[in-house]
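Here is a set of short questions and answers to work through with the model open. Try each question before reading on.

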2 protein chains.
Amino acid sequence: MKDPLTSFPGYSLRRAANAASAELAQRLSVVGLRQSDASLLMLVEANPGVTASALGRRLDIQRANMVPILKRLEDAGLITRAPIDGKSQGLALTEAGRRTLTEAFQVIEQFERELIERIPAEHRAHLLPALDAIWR
Amino acid sequence: MKDPLTSFPGYSLRRAANAASAELAQRLSVVGLRQSDASLLMLVEANPGVTASALGRRLDIQRANMVPILKRLEDAGLITRAPIDGKSQGLALTEAGRRTLTEAFQVIEQFERELIERIPAEHRAHLLPALDAIWR
DNA sequence: TCGCGAAAGCTATGCCGAATAGCAATCGGC
DNA sequence: GCCGATTGCTATTCGGCATAGCTTTCGCGA
């Protein structure tokens, strides 16, 4: 079957991201996290006391869409919210949050390793800079 | 703000795909198509008489999810379905479908050109093979 | 200092892609 | 000729993402 799509980088980009995303989502589900959860936990760990909207800006997640994510993480006992002033609140990991993040981190690093290994050696080093040039 | 995410190719892959996808979707909307519509039209043009399930297999779209896409394209007068036998039907572009696809093709090619141009020259040639290695 | 625009957090809602489960009709190889 | 595989479909759900609008609070400039 003829397939004119395969010559479009944009199409391959979408397909590759979907494939990788599905794979990672499945692996992360065994520690009870979604991808957005994991990325958010990482940023909170690296920046204790950060606010929800600062996180949203960095991750390009709208404030409105942060709400259910944070609620889920708080309900799961992984993060705490402490008022900074009347309108902002600082986020931090709980002990359970740190433990869960450690597990998630191992899953993710393993995943990333395998992802890289699938790429022929001569192309490997170019992937990250090329991708970053697209969205940054 | 510290950001441990930026060193993960998987994360950049997701972000780059999202950014590109949003951009293309917006451009395609001016010709009244979604990305899935456009990719499907291209495959139908290259393979007249192809069946819905064969298309789905190639595009990794489940049979169930093909239904609304095909219905939309048929309602818009872009494709026709002709029974092959009692259970299969062959798809083909209408005249309007060919015209619309031509417009879409120009949009897509322009988009792909700009996408490539954003990547530093020394990385360009490596992107497509690297991406293909991930999902194929 | 006080007034007002900006920012923070939130609700409600909808769209799109994708997945699952299940069904009826048909095809095709043994 | 029979039975498993295939096709097309309905119905439903979920996750990611977007928009519109609300209330409260902050903080800067007149």
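Q: How do the residues of the surface near DNA strand C divide into nonpolar, polar and charged?
A: This is a predicted model. Sort the residues of the surface near DNA strand C by type. The result is four nonpolar, eight polar and seven charged.

Q: Which residues come nearest to DNA strand C?
A: There are 19 residues around DNA strand C. Both chains appear among those that come nearest. From chain A they are N18(A), S53(A) and R63(A), and from chain B they are Q62(B) and G86(B).

Q: Which part of DNA strand C lies 2.9 Å from a polar side-chain atom of N65(B)?
A: Start with the strand as a whole. Of its atoms within 4 Å of the protein, 62% belong to sugar or phosphate and the rest to bases. N65(B) reaches one of the bases with its side chain. The partner atom is a base nitrogen.

Q: How far is the polar backbone atom of Q89(A) from a phosphate oxygen of DNA strand C?
A: Here the protein atom belongs to the backbone. The DNA atom is a phosphate oxygen of strand C. The distance is 2.9 Å.

Q: Which elements give two or more residues to the surface near DNA strand C?
A: Both chains contribute. Chain B gives α4. Chain A gives α3 and α4.

Q: Which residues come nearest to DNA strand D?
A: Now turn to the other strand. DNA strand D has 20 residues around it. Those that come nearest are Q62(A), G86(A), N18(B), S53(B) and R63(B).

Q: What does a polar side-chain atom of Q62(A) lie 2.8 Å from?
A: Of the atoms of DNA strand D within 4 Å of the protein, 60% belong to sugar or phosphate. Q62(A) pairs with one such atom through its side chain. R81(B) also uses its side chain, at 3.1 Å from a phosphate oxygen of strand D. For Q62(A), too, the partner is a phosphate oxygen.

Q: How does the surface near DNA strand D divide by residue type?
A: α4 (63-75) of chain A, with α3 and α4 (63-75) of chain B, each supply at least two residues of this surface. Sort the residues of the surface by type. They are four nonpolar, nine polar and seven charged.

Q: What is the area buried between chain B and chain A?
A: Next comes the protein interface. In it, 54 residues of chain B are in contact with 54 residues of chain A. Carbon and sulfur atoms give 70% of the buried area. That area is about 5,300 Å².

Q: How many salt bridges does the rule find across the interface of chain B and chain A?
A: Take one example of a salt bridge, between the side chains of D3(A) and R58(B). Its N to O distance is 3.2 Å. The rule also finds 19 residue pairs in polar contact across the interface. The count of salt bridges is four.

Q: Is D60(A) buried or exposed?
A: D60(A) sits in the loop between α3 (52-59) and α4 of chain A. Its phi is near 55 degrees, a positive value in a residue other than glycine. Its relative accessible area is 57%, and the cut-off for exposed is over 50%. So D60(A) is exposed.

Q: What is the phi of D60(B) near?
A: D60(B) lies in the loop between α3 and α4 of chain B. At 58% relative accessibility, D60(B) counts as exposed. Most residues other than glycine have a negative phi. The phi of D60(B) is positive, near 55 degrees.

Technical notes. Residues numbered from 1 in each chain as written. Chains lettered and ligands numbered in written order. Predicted model: local features only at pLDDT ≥ 70, side-chain atom pairs only at ≥ 80, totals over all residues. Heavy atoms only, no water. Contact = heavy atoms within 4.5 Å. Buried area = accessible area lost by both parts, 1.4 Å probe. Polar contact = N/O pair within 3.5 Å; in protein donor to acceptor, adjacent residues only side chain to side chain. Near = heavy atom within 4 Å. Helix = DSSP H or I, 4+ residues; strand = E, 2+ residues; numbered from the N terminus. Nonpolar A, V, L, I, M, F, W, Y, C, P; charged D, E, K, R; others polar. Buried < 20%, exposed > 50% of the residue type's maximum accessible area, 1.4 Å probe, protein only.
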